[in-house]
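This briefing goes through a protein chain by topic, from single residues to packed helices. Keep the sequence and the structure in view while reading.

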Amino acid sequence: MREYIRESILERLAAGPVMYADLAESRNRDCRARFGQVFNSLRADGLIKKVWIGQYPHWALASGVDENEVLIRRIEENSRQDSEGCINWLGYVDPRRGPMIRVDQKPQSIRRLLWAMNGREVDYQTTIRCSCENEACINLKHLKKGSRKDKAIGRKYSIVHRKKLADAQRANGKAKLTMEQAREVRASAETNRTLAVRFGVSEALISGIRRDKSYKEFHAGLFPGQQPANNPHQQVAA
Ligand SMILES: [Zn+2]
């Protein structure tokens, strides 16, 4: 018959979290029952606590549990290294924030957690990205620090930004046509060529205006496909 001593159980847990079945070490019904008694007394005394590693409940010392260590084990158990050297997170990957894990019910970026655990600074303006451009990668060696600004590089101008640029060009007299002339083009039934000659611009520009690519009317329509109430051009044309 196996003996279960409180001290030896605590000693085992001091080395790190262990699952209940591994802690009991025996499947024998009597052994399990006696283990249960000792285990419950430790629990009642508040000496041990449950921690989750992956989807499995483990038991750990209530005091002196290194939360980071538990977290690292959770992360390790749910990721796989591939031949490229990337450590791929098998859990949820947020399109914007990357690999995510729940800590105290709150979703957290694993890359940021690892970066911070490694003693490196992460403030609000700092982003942690992967140089390998693998969405799911959490390999510290592949992570690099960036700034929120980096994300904007290479991104298409937003419609608002393009309007501001166009307004600035018009204000500087660099625009080929005025907004009024562009509306005239849209209202006209004449050919692109005729209008191009009349306004002294290319046919491509006339075509762009007619397809609403150039000299866009900026109006606030809440629903795509629905005519917004504040679009003068569309109302005239209808
Ligand atoms: Zn990687």
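Glu 25 counts as partly exposed because 14 C-beta neighbours lie inside 10 Å, and a residue is called partly exposed when its count falls between the exposed limit of 12 or fewer and the buried limit of 20 or more. The model is predicted, and the points below are grouped by topic.

**Backbone angles in loops**

- Most residues other than glycine have a negative phi.
- Glu 25 is not a glycine, yet its phi is positive, at about 65°.
- The loop that holds Glu 25 runs between α2 (20-24) and α3 (29-44).
- Asp 212 is not a glycine either, and has a positive phi of about 65°.
- The place of Asp 212 is the loop between α9 and α10 (232-237).
- Is Asp 212 buried or exposed? Asp 212 is exposed, because 12 other C-beta atoms lie within 10 Å and the limit for exposed is 12 or fewer.

**Arg 74 and its surroundings**

- Arg 74 belongs to helix α4 (residues 67-77).
- Arg 74 has 22 other C-beta atoms within 10 Å, and it is therefore buried, since the limit is 20 or more.
- Which residues does Arg 74 contact, leaving aside its neighbours within four places in sequence? They are Trp 52, Ile 53, Gly 54 and Ile 101.
- Ile 53 and Arg 74 are 21 residues apart along the chain, while their C-alpha atoms are separated by 4.7 Å.

**Helix α6**

- Helix α6 covers residues 159-171, which is 13 residues, and at 1.5 Å a residue it should span 18 Å.
- The C-alpha atoms at the ends of α6 are 18 Å apart, so the expected span and the model agree.
- How many of the 13 residues of α6 are buried? The count is zero, and α6 is hardly covered.
- Gly 173, just after α6, takes a positive phi of about 70°.

**Packing of α7 with α9**

- Two packed helices are described by the angle between their axes and the distance between the axes.
- For helix α7 (residues 179-187) and helix α9 (residues 203-210), the angle is about 80° and the axes are 9 Å apart.
- The two helices are therefore roughly perpendicular, as angles of 65 to 115 degrees are classed that way.
- On the α7 side the contact is made by Ala 182, Val 185 and Arg 186, and on the α9 side by Ile 206, Ile 209 and Arg 210.
- This contact of α7 with α9 has four nonpolar and two charged residues, and no polar ones.

**Packing of α8 with α9**

- Helix α8 (residues 192-199) packs with α9 at an angle of about 115°, and their axes are 8 Å apart.
- α8 and α9 are therefore roughly perpendicular to each other.
- The crossing of these two helices, α8 and α9, is right-handed.
- From α8 the contact involves Asn 192, Arg 193, Leu 195 and Ala 196, and from α9 it involves Glu 203, Ile 206 and Ser 207.
- By class, the contact of α8 with α9 holds three nonpolar, two polar and two charged residues.

**The chain as a whole**

- The protein chain has 10 helices and nine strands.
- Of its 238 residues, 16% are buried.
- Among contacts in the chain with a separation of 6 or more, 42% are between residues 24 or more positions apart.

Note on methods: Residues numbered from 1 in each chain as written. Predicted model: local features only at pLDDT ≥ 70, side-chain atom pairs only at ≥ 80, totals over all residues. Axes fitted to C-alpha atoms, helices over the stretch in contact; angles between N-to-C directions. Helix = DSSP H or I, 4+ residues; strand = E, 2+ residues; numbered from the N terminus. Parallel < 35°, antiparallel > 145°, perpendicular 65-115°, else oblique. Contact = placed C-beta atoms within 7 Å. Nonpolar A, V, L, I, M, F, W, Y, C, P; charged D, E, K, R; others polar. Expected span 1.5 Å × (residues − 1). Left-handed = near helix turned anticlockwise from the far one by under 90°.
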